[in-house]
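User: I would like to learn how to read the strands, helices and ring contacts of a model with some care. Could we go through them one feature at a time?

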Amino acid sequence: MPEAMPAYLHDDFLLSCAAARRLYHEAASGEPICDYHCHLPPADLASRRTFEDLHAAWLGGDHYKWRAMRALGVEERLITGDADPRAKFQAFAESVPRLIGNPLHHWTHLELRRCFGIDTMLDGGSAQEVWDEANRILAATPAPALLRRFDVRLVGTTDFAADPLDHHAALASDPIEGLRVVPTFRPDACHQLGDTAAWNRAMDALGAAAGVEIDSLATLVDALKRRHAFFGELGCRASDHGLLALPDAAPSESAAARVFDRLRGHDEAAAGPDGQASFSAYLMHLFGKLDHDDGRVHQLHLGAARNLNAAGFDALGPDTGFDAIGDARQGPGLVRHLSALAAAGRLPRTVLYNLNPVDNHLFATVAGSFQGRPAGGGSTAPGHVQFGSGWWFLDQDRGMRDQIQTLMEVGVLSTFIGMLTDSRSFLSFPRHEYFRRILCDEIGRRVDAGLIPDDADLLDGIVRGICFGNAMAFLGVQSERGSQAGK
């Protein structure tokens, strides 16, 4: 008799050997989740939102799904347009069978199983059954309860520097039991100089939020410092900076002041390449020093080429599926930024995320060059500068494996702070399971090959740290297990 084929997404999927299976089931699977970078709306948590239907919870802001549906020829009215939610869900369900090989096929069915207990394969024929059962459960499950299903202990949302953080304030006064929700300081609008009118509007909003009239570089710095401090009052543990590449320019206050004056005067010529580089370099150096002084993590998401389809962007706006992997040169600006902060004795705990896989070894070895304090003596946190997890287009099987393998080969895997969802959906937490299975498989295969010692105490501790404890320590957050992270 031929050997029976395993069921799709069976209990041991992605786990190719006995050592991997033992590591996952005994060490990784039961760990809580620290989702230190995501795009969940804090308003939904503060209000204890109950989602009206599966479309609202699952499809409404997911540009991964939107891109795939466009590639299958689905008309836009059934993706982001005016079709009713049930029709949009039907269009997605009919698309799913044709997504084999794309991580969306795995994620879709993992999320249906883990969030709703639905084992049915999603397609056009099963759409009504899935819709009805998921909606039944969603009606009785407010947003915080969805997180409790996965034992999520910390969520780091992503918040613009001018955000009033009203929802975070509400959560601080009415916390969710067992869950810490913290804002993340993201001042990307300060760097977006291509549209001078839009940049000036962003400066006006920042000034209003900070209570400062921004009419000089000095007052801009004052406003940013005030906002950075305000975020800290509401529990902020990290900043986040999304740039195509860090500028290869020295952080010069006088050069940045000249550019600021021209920008504030609506001089379009101020946004040329040299002005952009000078201004951004100065601000990034400031942000790094603020993070160091306040004990926060400095996250650098580099390499996204955004809004490539001008017609699509004009019709739908940003974050709607028209972005790609960029090919900017990353090394010079990245090294210059980290070196300047290290020379000033103010290099914060930092995470480097690359979007172009050709930069894996560059980012991993640059991170390794900024550990410890060889010039000033003393030590830093383990993995003080991190080579971050596979991000966006790289948070799939090969992307995660390549990141883990690179970190093993040229860095130190045991200090790694692990996975994040980077998602807008409350149903995305099975991505942590996906990552954990791949992590255990990469270690387990090396155990079976005799390349890593088969030491359960050692390996279980390393895996548990990567799944949860290392990130909590890196953020300087007290874990319920009693481990206090140092700064």
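Analyst: Let us start with one pairing, in which isoleucine 33 stands opposite valine 152 in E2; strands (E, at least two residues) and helices (H or I, at least four) are DSSP runs numbered from the N terminus. This is a predicted model, in which local features need pLDDT of at least 70 and side-chain atom pairs count only at pLDDT 80 or more, while totals for chains, interfaces and linings use all residues. Residues are numbered from 1 along each chain as its sequence is written, and side-chain values use heavy atoms, with hydrogens and water left out.

User: Which strands form the sheet with E1 and E2, and in what order?

Analyst: Strands of a sheet pair through backbone hydrogen bonds, either parallel or antiparallel. Here the order is E1-E2-E4, an open sheet of three strands with parallel pairing, where two strands pair if DSSP finds at least two bridges between them. Strand E1 (33–35) and strand E4 (180–182) stand at the edges with a single partner strand each, so one side of each has no neighbour in the sheet. Direction ignored, neighbouring strands of this sheet are turned by 5° against each other on average. Helix H19 (residues 456–475) packs on the sheet, touching E1 and E2, and its direction makes about 45° with that of E1; contact means heavy atoms within 4.5 Å, and the axes are lines fitted to C-alpha atoms, for helices over the stretch in contact, with angles from 0 to 180 degrees between N-to-C directions.

User: How many strands form the other open sheet, the one that includes E10?

Analyst: Six strands form that sheet, in the order E3-E5-E6-E7-E10-E11, with parallel pairing. Its edges are strand E3 (159–160) and strand E11 (385–387), each with a single partner strand, so one side of each is left without a neighbour in the sheet. Helix H15 (residues 331–343) packs on this sheet, touching E7 and strand E10 (350–354), and its direction makes about 170° with that of E7. Within the sheet, six bridges join E6 (residues 238–243) to E7 (residues 297–302), with leucine 243 opposite leucine 302. E7 and E10 pair in the parallel sense over five bridges, with histidine 298 opposite threonine 350, and three bridges join E10 to E11.

User: Which residues of E10 lie on one side and which on the other, and are they buried or exposed?

Analyst: In a regular strand the side chains alternate between the two faces of the sheet. In E10, Thr350, Leu352 and Asn354 are on one side, Val351 and Tyr353 are on the other, and all are buried, that is, under 20% relative accessible area with a 1.4 Å probe and protein chains only, whereas exposed means over 50% and partly exposed lies in between. Because five of the five residues of E10 are buried, this strand is largely enclosed by the rest of the structure.

User: What surrounds glutamine 386, which stands opposite valine 351?

Analyst: Glutamine 386 lies in strand E11 and counts as buried, at 4% relative accessibility. Not counting residues up to four places away in sequence, glutamine 386 touches several residues, among them Val351, Ala367, Thr415 and Phe474. A polar atom of the side chain of glutamine 386 lies 2.9 Å from the backbone oxygen of threonine 415; a polar contact is a pair of N or O atoms within 3.5 Å in which, within protein, one must be able to donate a hydrogen and the other to accept it, and residues adjacent in sequence count only if both atoms are side-chain atoms.

User: How many aromatic pairs does the structure hold?

Analyst: There are 14, where rings of Phe, Tyr and Trp (its six-membered ring) pair if their centres lie within 6.5 Å, and planes under 30 degrees apart count as stacked, over 60 as edge-to-face and the rest as tilted. One is the tilted pair of phenylalanine 13 and tyrosine 434, at 6.4 Å centre to centre and 40° between the planes. Phenylalanine 13 lies in the segment before helix H1 (18–28) and tyrosine 434 in helix H18 (residues 430–448), so the pair ties together parts that are 421 residues apart in sequence. Phenylalanine 13 is buried at 6% relative accessible area, and tyrosine 434 is buried at 2%.
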